[in-house]
Amino acid sequence: IKTEKSRGLIERLGRSIPGGNTRSLAYFAPYPLAISRGSGCRIWDVDGNEFVDLLNNYTATVHGHAVPAIKEAMSKQAALGTVFPAPGEPQAELAERIVGRVASVEKVRFANSGTEAVMMAVRAARAVTGHEKIIKAEGGYHGMWEQVPVAWTQDPPGATPPGVGALVRLVDYNDVEGLEAAMEEEGGDVEAIILEPVTGTGVLTGTPEYFAAARRLADEHGALLICDEVITLRLGVGGFQEVLGVRPDLTTMGKIIGGGLPVGAFGGRADVMEVFDPRSPRHLHHSGTFNGNLMTMAAGCVALDLLTHGEIDRINALGERLAEGLRRALAERPDLHGVVNNCGSLVHVNFGTEGEVRKFSDLKLDSPMAAAFHLAALDEGVYFAPRGFMNTSTAMDEQVVNEVLEACARALEHGGLCSAEG
Ligand code: PMP
């Protein structure tokens, strides 16, 4: 495909934005494509190339792009004003939808990103337990806050003070014994165990045993359990916690609940959330100029209404079909050692590992084969994350998934992927 206009735009951006990039994850070499529009499950770059969007802004646009009902809700709200520093009915509408869907969420608050939601949930846990440390999974992603460090990047030395690092204890995901040992050692200091029910990085699916252990250990040691469902809320009406049969104290959310606009939310046990009640003189302060902004509320309500049980089942089945098809295609290229992980609508393709991908250290996120597959798939009209992460949307059907699978098979065949690393 021709990408001159993308390259030109990246050069232009680079004159005012470092590296032409304002979202680290969105960068890939030699330069990312500049996307100018989307409709349903398709997007177009500035050169006019068309792609099936298998990334959906990292799972956020679960209904695809320019969704008519969401556009209508947004323009109605835009005509009335976008944000006021005041309560408003659309906040009640979205909050009630979330409380109605997620059993453990009795009270909720809105923020503008998943990062903020995580930050405030962790601070709430600290405030109510009086403990300081958090336990998180190696490779678990919880946003940009320094207390939940991103495992696969190397920040400049000094960017995170050592005192902050000392507040975090990492454990292997799905390793019950490891979690028990960590809680044994740190227990009295732990304010929260924070876990993704399914990891965004690598799509490792949490086991019911692991989450039951986390629940029990948190209770035994006076800590809270936080489920970070920023991505996984799309997997079930009540989030993936419902599937795992776990009731966390707090849940963090984002992405799909904003209908394509910036959002974060956190909620859970009413008695814990009371720490934010402004009528109490010692409440925990949580502000944000755009918290609960009415555009996000309006779009989010429609997005949740459209994400019914039936639609969730449908995109989960499409995710299964995608994963199965990719497994069949990869079976033709055993030299690439491709492994596909999936959980419902979430799919991750990993290259260069022997055997199953069960923990973060099994992943080869910077594999040159993953990069080559990504570029080859773009050439064939399929858009997903450079590291091999994909997800389905309600704008897709089986025919679109078949189209994607044929394109991916061509990418694997002609994309110049070879098993020699480097
Ligand atoms: N938690 C999880 C599990 C996430 O996947 C993400 C974002 N991908 C975040 C938190 C942070 O959300 P945001 O990018 O909206 O800050």
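**Figure 1. Ser 393 and the residues it touches in this predicted model.** Leaving out residues up to four places away in sequence, Ser 393 touches Cys 41, Asn 56, Thr 61, Val 62, His 63, Gly 64, Ile 315 and Leu 318; a contact here means heavy atoms within 4.5 Å. Ser 393 sits in the loop between strand E14 (389-391) and helix H14 (398-414). Helices (H or I, at least four residues) and strands (E, at least two) are DSSP runs, numbered from the N terminus. With a relative accessible area of 0%, Ser 393 is buried. Buried means under 20% relative accessible area, exposed means over 50%, and partly exposed lies in between (1.4 Å probe, protein chains only). Before moving on, a note on reading these views: this is a predicted model in which local features need pLDDT of at least 70 and side-chain atom pairs count only at pLDDT 80 or more, while totals for chains, interfaces and linings use all residues. Residues are numbered from 1 along each chain as its sequence is written, and side-chain values use heavy atoms, with hydrogens and water left out.

**Figure 2. Thr 61, one of the residues that Ser 393 touches.** Here we look at the loop between H2 and helix H3 (68-80), where Thr 61 is found. Its relative accessible area of 12% makes Thr 61 buried. Apart from its neighbours within four places in sequence, Thr 61 is in contact with Asn 56, Gly 260 and Ser 393. The chain also brings in a distant partner for comparison: Thr 61 and Ala 303 are 242 residues apart along the chain, and their C-alpha atoms are separated by 8.8 Å.

**Figure 3. Three places to check the backbone: Asn 56, Lys 255 and Pro 30.** Most residues other than glycine have a negative phi, and most peptide bonds are trans. Asn 56, in helix H2 (residues 56-59), has a positive phi near 50°. Asn 56 counts as buried, at 0% relative accessibility. Lys 255 also has a positive phi, near 45°, and is found in the loop between E9 and strand E10 (264-268). Is Lys 255 buried or partly exposed? At 23% relative accessibility, Lys 255 counts as partly exposed. For Pro 30, the feature to find is the peptide bond from Ala 29, which is cis, with omega near 0°. Pro 30 lies in the loop between helix H1 (4-14) and strand E1 (35-39).

**Figure 4. The ligand and its shell of residues.** Around the ligand are Ser 113, Gly 114, Thr 115, Tyr 141, His 142, Gly 143, Glu 196, Asp 228, Val 230, Ile 231 and Lys 255, each with a heavy atom within 4 Å of the ligand. This shell divides into three nonpolar, five polar and three charged residues. In this grouping, Ala, Val, Leu, Ile, Met, Phe, Trp, Tyr, Cys and Pro count as nonpolar, Asp, Glu, Lys and Arg as charged, and the others, Gly among them, as polar. A polar side-chain atom of Thr 115 lies 2.6 Å from a ligand oxygen atom, and a backbone N or O atom of Gly 114 lies 2.8 Å from an oxygen atom of the ligand. On the nitrogen side, a polar side-chain atom of Asp 228 lies 2.6 Å from a nitrogen atom of the ligand. How much of the ligand's accessible area does the protein cover? The protein covers 82% of the 390 Å² that the ligand has on its own, with areas from the Shrake-Rupley method and a 1.4 Å probe.

**Figure 5. Met 253 in strand E9 (residues 250-254).** Met 253 is buried, with a relative accessible area of 0%. Beyond its neighbours within four places in sequence, its contacts include Ile 98, Val 105, Gly 114, Val 230 and Phe 266. Gly 114 and Val 230 are also among the residues around the ligand.

**Figure 6. The largest nonpolar core.** This core has 43 residues, and those with the most contacts inside it are Ile 135, Leu 179, Met 183, Ile 193, Leu 195 and Phe 211. A nonpolar core is a set of buried Ala, Val, Leu, Ile, Met, Phe, Trp, Tyr and Cys residues joined through side-chain atoms within 4.5 Å. Helix H8 (208-220) is one of the elements that supply at least two residues, and H8 gives the most, with five.

Methods: Polar contact = N/O pair within 3.5 Å; in protein donor to acceptor, adjacent residues only side chain to side chain.
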